[in-house]
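Trainee: I'm new to this one and would like a close look at a single part, the packing inside the chain. Could you walk me through it?

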Amino acid sequence: MSVSPQVLLQHHLKQLRLPTFYKEYDKLAKQCAAEGVDHPRYLLRLAELELLDRERRTTERRIHNARFPAVKSFETFDFTAIPSLNKMLVMEMARCEFISRRENVIALGNSGTGKTHAALALGLSACQRGHAVGFITAAQLVHQLMEARDEKRLIRFQTQLGNYKLLIVDELGYVPLSLTGAELLFDVFSQRYERGSTLVTSNLPFEEWTSVFGSERLTGALLDRLTHHVHILEFNGDSYRLKQSKARKRGKQPASEQSASGQIANHDPETGEISDT
Ligand code: ADP
Ligand code: MG
């Protein structure tokens, strides 16, 4: 009993990982015959379809692997709601050249001002541009680091974190860290320094980071690494959900882009303004 060529073809193309070839070859053949398209062009079209599909599948896998809690983009982000945020800078950053330059991003501001939304949008954009992205909250990351350490697989976990071209650490500052937690988190930032981009969101101005990390020395060393090549995104304003407060008067504040080593921005708790010192 002979196996039909279709069955064999399906098997071989599957083996070769060319699912789109299998899915499209018949329909496209009929189309090409009708249009009088020759064999090389038929195969070319088929190969192009496979490539397009493969790109789409790879991007989807990257987005899946990033473990975003939600998929959000700048298309649904209203920049007019947050005038302190430099739209030009953010849109430039969405092109993700900062990732190739291994620069960091710190998004600072009150709760509900769109930090996570913007971080997710940057992460999505990075996935679409071919970068490996990881998204995790600071609390989860510390928890997973402690767990990995207890299970004697810390180095493997750290290597895994090191593979991300962009690591997004959300909500630093909501929970104070234990000394071990702080040290483990410090190691992550330290190991990524000049090797990969890290995006941190926090509701706390820099001078309050010591309260999270416990130690002034550790906080200083951490900020030194994190802010060496950094873009600071300011989310000064009221919660996006509190729409009635949107019209509140705000002063001037071009988003500061910092690059000087060890320069730490000042945060005025009254106005929420962040300024270089
Ligand atoms: P944060 O992380 O600063 O606490 P979020 O990013 O979680 O704030 O924002 C809270 C909610 O409001 C989210 O659903 C987010 O999508 C939405 N949101 C915040 N800012 C904006 C904005 N400028 N445009 C559109 N949606 C926004
Ligand atoms: Mg958030």
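Mentor: Here is a walk from the whole chain to its inside and then to one long helix's surroundings.

First, some ground rules: this is a predicted model, where local features need pLDDT of at least 70, side-chain atom pairs count only at pLDDT 80 or more, and totals for chains, interfaces and linings use all residues. Residues are numbered from 1 along each chain as its sequence is written, chains are lettered from A and ligands numbered from 1 in the order in which they are written, and side-chain values use heavy atoms, with hydrogens and water left out.

The protein chain has 11 helices and 8 strands; these are DSSP runs numbered from the N terminus, with helices being H or I of at least four residues and strands E of at least two. Of its 277 residues, 44% are buried, meaning under 20% relative accessible area with a 1.4 Å probe and protein chains only, while exposed is over 50% and partly exposed lies in between. Take the contacts (heavy atoms within 4.5 Å) between residues at least 6 apart in sequence: 75% of them join residues at least 24 apart.

Now for the inside. The largest nonpolar core has 34 residues, and L141, L145, L161, L185, W209 and F213 touch the most other members. Such a core is a set of buried Ala, Val, Leu, Ile, Met, Phe, Trp, Tyr and Cys residues joined through side-chain atoms within 4.5 Å. Helix 9 (179–192) is among the elements that each supply at least two residues of this core, and helix 9 gives the most, with 6 residues.

Zoom in on L185. Leaving aside neighbours within four places in sequence, L185 is in contact with L141, V142, L145, L172, L177 and F213. A second, separate core has 32 residues, including L120, A126, V133 and F235.

Back in the largest core, look at L161, which sits in helix 8 (residues 154–162). L161 counts as buried because its relative accessibility is 6%. With neighbours within four places in sequence set aside, L161 is in contact with L141, L145, L167, V188 and R192. L161 and G134 are 27 residues apart in sequence, and their C-alpha atoms are 7.8 Å apart in space.

Next comes helix 3 (residues 39–66). At 1.5 Å a residue, its 28 residues should span 40 Å, and the end C-alpha atoms are 41 Å apart, so the two agree; the expected span is 1.5 Å times one less than the number of residues. Its buried residues are Y42, L46, E50, D53, T59, R62, I63 and A66. They pack against helix 2 (19–35), helix 6 (115–128) and strand 2 (133–137). Just after helix 3, R67 takes a positive phi of about 55 degrees.

Finally, the rings. The whole structure holds 6 aromatic pairs, where rings of Phe, Tyr and Trp (its six-membered ring) pair if their centres lie within 6.5 Å, and planes under 30 degrees apart count as stacked, over 60 as edge-to-face and the rest as tilted. F68 and F135 form an edge-to-face pair, 6.2 Å centre to centre with 70 degrees between the planes. That pair links distant parts of the chain, since F68 lies in the loop between helix 3 and helix 4 (87–93) and F135 in strand 2, 67 residues apart. Both F68 and F135 are buried. F206 and W209 have ring centres 5.2 Å apart and planes at 65 degrees, so this pair is edge-to-face. Both F206 and W209 are buried.
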